[in-house]
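Let's take a look at the charged pairs in this one. Have the model open next to you as you read.

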Amino acid sequence: MKTVLMKFAGPLQSWGTSSHFEMRHTDLHPSKSAVIGVIAAALGYQRDEENKIRDLNKLQFAVRTDQAGNITDDYQTAHKYKFNPYPLVERTYVTHRYYLEDAVFVAAVGSENDQWLDEIVYALRHPYFQLYMGRRSCPLPEDFILKVVDQDVITALQQEPLHSSEWYRKRHSGPVFIFADAKLLPEKPSALRRDTIASLSWEDRNYEWRQEAETHFNVSNCQEEHDAFGALGD
């Protein structure tokens, strides 16, 4: 069993699973569909390659909230034009786009197929398409790939030191939460979350429900703040 750990951290990120045009919400932690989308983009999958994308749903998934962040609202407007014969504004739309600011998450993706996971990790390090945290305006950090370990995803997250900021750890000394595929935490309560990819095609973009369980633990191995430029080398 291999697991890759990825860090999602930055000024802004957004993980919406129930958004509409005028109101683009964000969930409080990354969705499995979004992380699978990151992997599919790295592998160079096209939206109409539905069988390949659906296969990625088989990956085991869990995410740990290291730094919860705050929700912020980006107010925007968009114009719809009509031409008769010159362009005139027909309607102005007001849109609200919600983000998490200053949040830090560690996501774990694992598989019993070590070769498959090695191919995924190689693609993440050499992505075909640009990778981002929910929206194109939120690029992944340079050091988002933390490590690959021979452990299951839950154990990997429980043993990985925190990556939250020092100021955050001083203010928040409570437990750390993990959200995972329900089958990975069979003894824990679960809830439905609509973040399993059924189709990403423009004609029929569709998501199915997934059981997500929650657990928490106290971290005693807090380490110093992760070096955001460490991946660049000397």
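## Salt bridges, buried and exposed

Start with a pair inside a single helix: Lys170 and Glu166 sit four residues apart in helix 5 (residues 166-171), so about one helical turn separates them. Keep in mind that this is a predicted model. Lys170 and Glu166 form a salt bridge, with 3.6 Å between the closest N and O atoms. As for the surroundings, Lys170 is exposed at 66% relative accessible area, while Glu166 comes out as partly exposed at 44%.

That pair is one entry in a total of 15 salt bridges. Here it is with two others:

| Salt bridge | Closest N and O atoms |
|---|---|
| Lys170 with Glu166 | 3.6 Å |
| Lys32 with Asp181 | 3.2 Å |
| Arg210 with Asp181 | 2.7 Å |

Now for Asp181, which pairs with Arg210 at 2.7 Å. Arg210 belongs to strand 9 (residues 206-217) and Asp181 to strand 7, so this contact ties together parts 29 residues apart in sequence. Arg210 is buried, with a relative accessible area of 7%, and Asp181 is buried too, at 4%.

Those contacts feed into something wider: salt bridges with shared partners link Asp27, Lys32, Asp181, Arg193, Asp195, Arg210 and Glu212 into one network.

What does Lys32 pair with? Its salt bridge is with Asp181, at 3.2 Å between the closest N and O atoms. Lys32 lies in helix 1 (residues 32-43) and Asp181 in strand 7 (residues 176-181), so the pair ties together parts that are 149 residues apart in sequence. Both Lys32 and Asp181 are buried.

Note on methods:
Residues are numbered from 1 along each chain as its sequence is written. This is a predicted model: local features need pLDDT of at least 70, side-chain atom pairs count only at pLDDT 80 or more; totals for chains, interfaces and linings use all residues. Side-chain values use heavy atoms; hydrogens and water are left out. A salt bridge is a side-chain nitrogen of Lys or Arg within 4 Å of a carboxyl oxygen of Asp or Glu. Helices (H or I, at least four residues) and strands (E, at least two) are DSSP runs, numbered from the N terminus. Buried means under 20% relative accessible area, exposed over 50%, partly exposed in between (1.4 Å probe, protein chains only).
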